[in-house]
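Here is a short report on one chain. Start by looking over the fold, then follow the text from one residue outward.

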Amino acid sequence: MNGDHVSVADSDDMKSPLLPVVHNDEPTENKTVGQHLRTIFTPNNCYIALGPLLCAVVCLCVRLGGDDTMRARNMLGVLVWIFEWWLTEAVPMPITSMSPLFLFPLFGITPADDVASSYMDDVIALVLGSFILALAVEHYNIHRRLALNITMVFCVEPLNAPLLLLGICATTAFVSMWMHNVAATVMMMPVATGILQRLPSSSVMVHPAVGKFCKAVVLGVIYSASIGGMSTLTGTGVNLILVGMWKSYFPEGNPISFSQWFFFGFPLALCIFLVLWGILCVLYCPKGSGKALSPYLHKSHLRRELEMLGPMSFAEKMVLSVFGGLVLLWMTRNITQDIPGWGSLFHGRAGDGTVSVMMATLLFIIPNKIKKGEKLMDWGKCKKLPWNIVLLLGAGFAIADGVRSSGLAEVLSKGLVFLETAPYWAIAPTVCLIAATITEFTSNNATTTLLVPLLIEIAKTMGIHPLLLMVPGAIGAQFAFLLPTGTPSNVVGFTTGHIEIKDMIKTGLPLKIAGTAFLSVLMPTLGAYVFATKG
């Protein structure tokens, strides 16, 4: 019965027109020349024209050294064009992300087939598979059940505000480890604000600790999502861009595996997370907060939310099983140099993206036992797949290939010869701070796409392993802690109305400094061991 219903719906969709028929019965008015000009010369149209205009100026006026100056100059012009559209959002970001597909061949930078191949490789497959699993988790409300169960553990009696805050933040960080930061924030913010809705509004004369705790929870969610995403390859697009560029620039080197990144990223994220919790406790959980909050927050509220969800269904258990199986396969593909993992059975032919898509496919095979014939997932539930992120990752890989093949990276790196004599302990935090500053004004992915190719050339100039600079640059690009525009996760928190920019700066600045310090210490020590950058 259900299958018949779906087939009818599908056939109706096939017969319906692709675009709605517009009937304009209103009388047309004669517009003056000035009105026509005002409709043409809008700010958005000016930003659209600015991209190719800047590209033309660079291609005609800029002079670069090197053997292949024309390709390098064209690549620089195209870069300016793409980044201007990205920054101003004159053209939708996914469309801008596809522009290398026509700009690179037209400007003689890279053949069309080579550009297109950048938009689908093992890293992109890893993203698609993990996003489908994340949609399954969201569809069956597993994230909400997980959040409520973990928060109940930390909601002790008498209420301990710092401990409850730790539970909310730790849950967010854990969820963000396995899905994109923005998705984790969007999932966890309703859970967090649902808890805060039980508190009296700020308009009522209440204890100041109530308002401060609301700020702490919202700040904790947005920052924990960013920090948790640093732990795993799937947590954020930046890590995937880094891995893809490493594979592109150094195909002879060992690819960075999921487990390898986790052994470095998790300790780093844990250190930064503990600092975040400490900052929030000091600034927003003064002594006596638990006593002020206890009349409004206790276990009975959370227990009632859990009862509304009902017992865990077969579908939820199966999605969790598939998800757990995927994480286990990710972690065991390559374990250590001495313990190769299951990936050695396939002689390097299987990657993290291979198992990601394979496990996601199981969701379309296993029945959900809710309706006869229905599976855990169907393609209709995948309409929310964030293709904008997929296209942005593809653009990042295409730009990295173009910067390298055109010779632009070598040209730009010649201006950084002075770094050859600089000690690593000084240059690593500098790279991290530069990335952390740029990322406040543009997207994390765009910052990584711009910086990492340059850092590779700087590393060659300094005679050090490229990952010693690539990793600080990529992780520094995730330290978008100061402004709402730094990352969509910040926007989600800012729109709740509980926090202001001054709250973000007050919390984010020491967090950014602490993150830079931890990264500068861990990269040449733990990172050198995990990524085998010595010798």
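## A contact pair far apart in sequence

Beyond its neighbours within four places in sequence, D401 is in contact with S118 and S248. The model is a predicted one. D401 and S248 are 153 residues apart along the chain, yet their C-alpha atoms are separated by 7.0 Å.

D401 belongs to helix α19, which covers residues 387-405. Is D401 buried or exposed? D401 is buried, at a relative accessible area of 19%. The cut-off for buried is under 20%, so D401 falls on the buried side of it.

## Overall make-up

The chain has 25 helices and 0 strands. Of its 535 residues, 51% are buried. Take the contacts between residues at least 6 apart in sequence: 78% of them join residues at least 24 apart. The pair D401 and S248, 153 residues apart, is in contact.

The accessible surface is about 24900 Å². Carbon and sulfur atoms account for 67% of that surface.

## The nonpolar core

The largest nonpolar core holds 161 residues. Which residues have the most contacts inside this core? They are F104, F213 and F264.

F104 has a long contact list once neighbours within four places in sequence are set aside: M75, V78, I82, I109, T110, V115, A398, I399 and G402. A398, I399 and G402 in that list fall in the range of helix α19, residues 387-405. D401 lies in α19 too.

I82 also touches T96. T96 sits in helix α5, residues 93-98, and is buried at 0% relative accessibility. Leaving out neighbours within four places in sequence, the contacts of T96 are I82, W85, W86 and V91.

## Two helices

Helix α12 spans residues 208-229, 22 residues in total. Its end-to-end C-alpha distance is 32 Å, close to the 32 Å expected at 1.5 Å a residue. Of its 22 residues, 19 are buried, so the rest of the structure largely encloses α12. F213, named above for its core contacts, lies in the range of α12.

Helix α17 runs over residues 314-332 and has 19 residues. It reaches 27 Å from first C-alpha to last, close to the 27 Å expected at 1.5 Å a residue. Its buried residues are A315, E316, V319, V322, F323, G325, L326, V327, W330 and M331. An α-helix has 3.6 residues a turn, so residues three or four places apart point the same way. Among the buried residues of α17 are A315, V319, V322 and L326.

## Cysteines

How many disulfides does a search of the whole structure find? It finds 0. C61 is in none, and the nearest cysteine sulfur, that of C59, is 9.7 Å away. A disulfide needs the two sulfur atoms within 2.5 Å, so that distance rules the pair out.

C61 is exposed, with a relative accessible area of 55%. C214, by contrast, is buried at 7%. C214 falls in the range of helix α12, residues 208-229.

## Confidence

Mean pLDDT for the chain is 80, and 85% of residues reach 70 or more. Among the elements of the chain, helix α6 (residues 100-106) has the highest mean, 94. F104 falls in the range of α6. Helix α1 (residues 2-15) has the lowest mean, 43.

Over residues 1-15, pLDDT stays under 50. The model has 3 contacts beyond four places in sequence for that stretch. Where pLDDT is low, the predicted coordinates should not be read in detail.

Note on methods: Residues are numbered from 1 along each chain as its sequence is written. This is a predicted model: local features need pLDDT of at least 70, side-chain atom pairs count only at pLDDT 80 or more; totals for chains, interfaces and linings use all residues. Side-chain values use heavy atoms; hydrogens and water are left out. Helices (H or I, at least four residues) and strands (E, at least two) are DSSP runs, numbered from the N terminus. Buried means under 20% relative accessible area, exposed over 50%, partly exposed in between (1.4 Å probe, protein chains only). Contact means heavy atoms within 4.5 Å. Accessible areas come from the Shrake-Rupley method with a 1.4 Å probe; for residues, only the protein chains shown count as cover. The expected span of a helix is 1.5 Å times one less than its number of residues. A nonpolar core is a set of buried Ala, Val, Leu, Ile, Met, Phe, Trp, Tyr and Cys residues joined through side-chain atoms within 4.5 Å. pLDDT is the predictor's confidence in each residue, from 0 to 100.
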